[in-house]
Structure formats: C-alpha cells, structure tokens
Amino acid sequence: MEQILYNDPNIIFVNHIEEYQGPKKEHPKDRLIFLILNKGELRLNIDNREHVLHSNDLLLCFPKQDVGSARTSEDFQGSVVLIKAELVKSLVHSSMQSLKDFFYLHEHPVLHLSQNSRRLMAHYMTLLRYRYENPTENYNTDIVNAILQAMLYEMMNLIGRTAKPEDSHIIRQGERLFKRFMEMLVNDKVRSRSVSNYSERLCVTSKYLSAVCKQLTGRTASSWINEFVIKDVVRQLCYTDLSIKEISLRLGFPNVSFFGKYVKNQLGMSPSEYRKMNVKE
C-alpha cells in the first residue's frame, strides 16, 4: 500500500500514518499537522500537555509547537496532512475571527468530529487522493491548495460548534497583547510600518512586542506588519487604476522612491512590474 499519497515542497499527505516508515527524526517544526484518527487511540504530548485522541478525533498542531513522542493502540489508524506554514498563511485570510479560532486551537488542539463532520473531512481527504492520482495538466497545484483551504475553513467552522463560551476567553497575557496588536493591524485604515508605532500604542517596548509575537506565532511583529501592508499594496496595484504615486501616498509612504524600494524588497519586483505581471489588459 502506498503510504505517501501527495508530497511536494509544501504538502505531505499520508493516508495510513500507522504504516508510515519515514525517518524517525523527521518532525517538521515549520509545518501545520492536520491529523484525523480513523480508529483506535493516540496519546501524545503537545507543549508538555498530554492529549488523548479516539476514533473520529481531529488534531491540529501548529508550527513551532513542541510535540512529544506518540503512543498508539494496536488498532490505531489515521490520516495526516503536513502543510508548510507559509502555505497556510497564504490560504487563510487574517481576520479577528480566524485569530480567535487559532488561539482556541492553540489551547485545544483536539476536536471531536460528529458523524456528519467526519464524513465531510473524509470527502476532502478523498478529493486530495483523487487529485494526486489524477493530476490535471493545468492548475493542479491551485486545485490542491483550494481543497486544503476549504478543509482549513471547515475545521475553523467546527470550533464555533465545539468551543464553550468561557473557552474563547482563555487567553494568556501575551496572547491578549498579540490579539490587541492584530486588532490594530486589522482596523487601521493606513497601517504604520513601524513596530514602535504599535508598541507605543500598546504601552510596551518594541522588543517585548516582537518577543511575544515570535513566541506565539514564530514570526516577528515586523513580519506581521509587512504581511498586512503588502496585502494593501497588492490590492491597490491589482484592483485600482490609481497611479503608483497615488498608491504610495494613500498607503502613507513618504515618497514614490521609498515605496518602490519597499515593494521590491517584499515582492521581488517593482510596483509597476508587479502590476504588469498580475493585471491582464
């Protein structure tokens, strides 16, 4: 039986994880682990807390989380998808709701699936397998990513039906700070590119804000700021007829030259080149 059904730089999909004989030291810290337990029992430690999975349980473990050795029952069967962190970031839109869901999952990585939810996730796994076995000549990667994106949003949708009201407020001090930082990034009409701007508004030092972001997400505060700013840049370049100068002014850049250097550093090309490549006449 083939163990790895799909394997590229961004995705590893193993249909029968109990039979997978990959390298024992292989534990990708830069990937999101999406595991569905089909049968039996699985015990493992995540961030020094033990979790027990039974049939029809779903595990979602984030990059950078510390996952200890697993213990399984003799009848254990499961499927797992390992998704590169950068791909997850591109597939899931950053919003307050998605951040709340990710906070919840960080504290509660195991969800129990109803029969309907289990069948739904099984359908997604079947779609992934079908696309692996029958790749399209064009758009195959895009189709696989679309299936993964739908799976992630379906999983996040389950949280609303699983979480207790009091659970959604279980946020440690650092997570509260990060949540407020995200609220500012989401709500600011013109986003500052300075970490100090946000740290001053949050009444903490820039170093502390970055340390909290790094600890919780594996990314610096500057990285999060750049993600939101560059989304604004792409939106303006691709979906408006504003000139490069008008866009730079709208987004709060001091001049066109600075704007061009920032965009080239983030996107690997100038604003005009990016617009020409991504906007079809």
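Is Phe258 buried, partly exposed or exposed? In this predicted model, Phe258 has a relative accessible area of 41% and is therefore partly exposed. A convenient place to begin a tour of the structure is the set of aromatic rings around this residue.

Six aromatic pairs are found in the structure. In one of them, Phe258 is paired with Phe253: the ring centres lie 6.2 Å apart and the planes meet at 45°, so this pair is tilted. The two partners differ in their surroundings, since Phe253 has a relative accessible area of 3% and is buried, whereas Phe258, at 41%, is partly exposed. Phe253 also pairs with Tyr262; here the ring centres are 5.3 Å apart and the planes stand at 55°, so this pair is tilted as well. Both Phe253 and Tyr262 are buried. Phe253 has a charged neighbour too: Arg193 lies over the face of its ring, 3.8 Å from the ring centre.

Other rings form a group of their own. Phe178, Phe181, Tyr198 and Trp224 are joined into a cluster by ring pairs. One member of this cluster, Trp224, has an arginine over its face, namely Arg219, at 3.9 Å from the ring centre.

A further arginine, Arg191, deserves a closer look. This residue is located in the loop that runs between α5 (173-187) and α6 (195-201). Its relative accessibility is 13%, and because buried means under 20%, Arg191 counts as buried. The side chain of Arg191 makes a polar contact with the side chain of Asp232, at 2.7 Å. Asp232 also appears among the residues that Arg191 touches once those up to four places away in sequence are set aside; the others are Leu185, Val186, Tyr198, Phe228, Val229 and Leu251. Through Tyr198, Arg191 is in touch with a member of the aromatic cluster described above.

Finally, the cysteines can be considered. Which of Cys203 and Cys213 is buried, and which is exposed? Cys203 has a relative accessibility of 69% and so counts as exposed, while Cys213, at 0%, counts as buried. As for cross-links between cysteines, the structure holds zero disulfides.

Terms used:
Residues numbered from 1 in each chain as written. Predicted model: local features only at pLDDT ≥ 70, side-chain atom pairs only at ≥ 80, totals over all residues. Heavy atoms only, no water. Disulfide = S-S within 2.5 Å. Buried < 20%, exposed > 50% of the residue type's maximum accessible area, 1.4 Å probe, protein only. Phe/Tyr/Trp six-rings, centres within 6.5 Å; stacked < 30°, edge-to-face > 60°. Lys NZ or Arg CZ within 6 Å of the ring centre and 35° of its normal. Helix = DSSP H or I, 4+ residues; strand = E, 2+ residues; numbered from the N terminus. Polar contact = N/O pair within 3.5 Å; in protein donor to acceptor, adjacent residues only side chain to side chain. Contact = heavy atoms within 4.5 Å.
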